Amino acid sequence: MPRTTTDGDGTPVPQRLLAAATRLFAEQGYDRTSVQEIVEAAGVTKGALYHYFGSKDDLLHEIYARVLRVQQERLDAFAGADEPVEKRLRAAAADVVVTTIENLDDASIFFRSMQHLSPEKNKQVRAERRRYHERFRALVEEGQREGVFSTVTPADLVVDYHFGSVHHLSTWYRPNGPLTPQQVADHLADLLLRALRP
């Protein structure tokens, strides 16, 4: 499929549509944003939208999926690195915080609007998230098997504890607040590792 660009800055149409949808969904909510508003904000036609995205919920899905794809690639790299498991888990735990904060609109839109996805897309997203969580949990389990991490708390609960914090970021984190994304990430990663200490 050819990458259609804008008349102005050369940004590909799919990226323009995603940027417009992200801004409108964040400002107005997914259910209160029309396809017409998205195409007008992106400066394209409805035909262009439907060429790249079959529906409005395809846009919603892609807003979340693009962040999750980056996070999955980075987690796979951390998990596969030739480092002690404690170092790999800490890097992965901090990274998911930073990448979530860097894409806070995307994450908050998605968690507010996931119920609007079609059943098929909802199932697909849950499977993508499960894959991420399972890879993360495997690091915890590896450390538990090696005796590096405590086995008192089941790995599933440890993972849920960390990702509960991550999913809650959009309710309180502010870019102009006292902590940088990396500082928040370091604090939360340290909390996780303290909870796992034997």
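These questions and answers walk through a predicted model.

User: Which helix gives the most residues to the largest nonpolar core?

Analyst: The largest nonpolar core holds 58 residues. Leu17, Leu89, Val97 and Phe136 touch the most other members. With nine residues, the helix that gives the most to this core is H5 (residues 85–102).

User: Which residues does Leu89 touch, not counting those up to four places away in sequence?
Analyst: Leu89 is one of the core residues that touch the most other members. Leaving out residues up to four places away in sequence, its contacts are Phe136, Leu139, Val140, Phe149, Leu192, Leu193 and Leu196.

User: Which element gives the largest share of the lining of the largest cavity?
Analyst: The whole structure has one cavity of 30 Å³ or more. Its lining has 14 residues, and Tyr64, Gln71, Thr100, Phe111 and His167 are the closest to the centre. Helices H4 (56–80), H5, H6 (104–113), H7 (119–146) and H8 (155–172) each give two or more residues. The largest share, four residues, comes from H4.

User: How much space lies in the largest cavity?
Analyst: The lining has nine nonpolar residues, four polar and one charged. The space inside is about 140 Å³.

User: Is Thr22 buried or exposed?
Analyst: Thr22 sits in helix H1 (residues 13–28). Its relative accessibility is 8%. Buried means under 20%, so Thr22 counts as buried.

User: How far apart in space are Thr22 and Asp106, C-alpha to C-alpha?
Analyst: Thr22 touches Asp106, and also Ile63, Arg66, Asp105 and Ile109. In sequence, Thr22 and Asp106 are 84 residues apart. In space, C-alpha to C-alpha, they are 6.6 Å apart.

Definitions and conventions. Residues are numbered from 1 along each chain as its sequence is written. This is a predicted model: local features need pLDDT of at least 70, side-chain atom pairs count only at pLDDT 80 or more; totals for chains, interfaces and linings use all residues. Side-chain values use heavy atoms; hydrogens and water are left out. A nonpolar core is a set of buried Ala, Val, Leu, Ile, Met, Phe, Trp, Tyr and Cys residues joined through side-chain atoms within 4.5 Å. Buried means under 20% relative accessible area, exposed over 50%, partly exposed in between (1.4 Å probe, protein chains only). Contact means heavy atoms within 4.5 Å. On a 1 Å grid over the protein atoms alone, a cavity is a set of points where a 1.4 Å probe fits but cannot get out, and a pocket is an open set with protein on both sides within 12 Å along at least five of seven lines; lining residues have an atom within 4 Å of a point. Grid points are joined across faces, edges and corners, and a volume is the space filled by probe spheres set on the points. Ala, Val, Leu, Ile, Met, Phe, Trp, Tyr, Cys and Pro count as nonpolar, Asp, Glu, Lys and Arg as charged, and the others, Gly among them, as polar.
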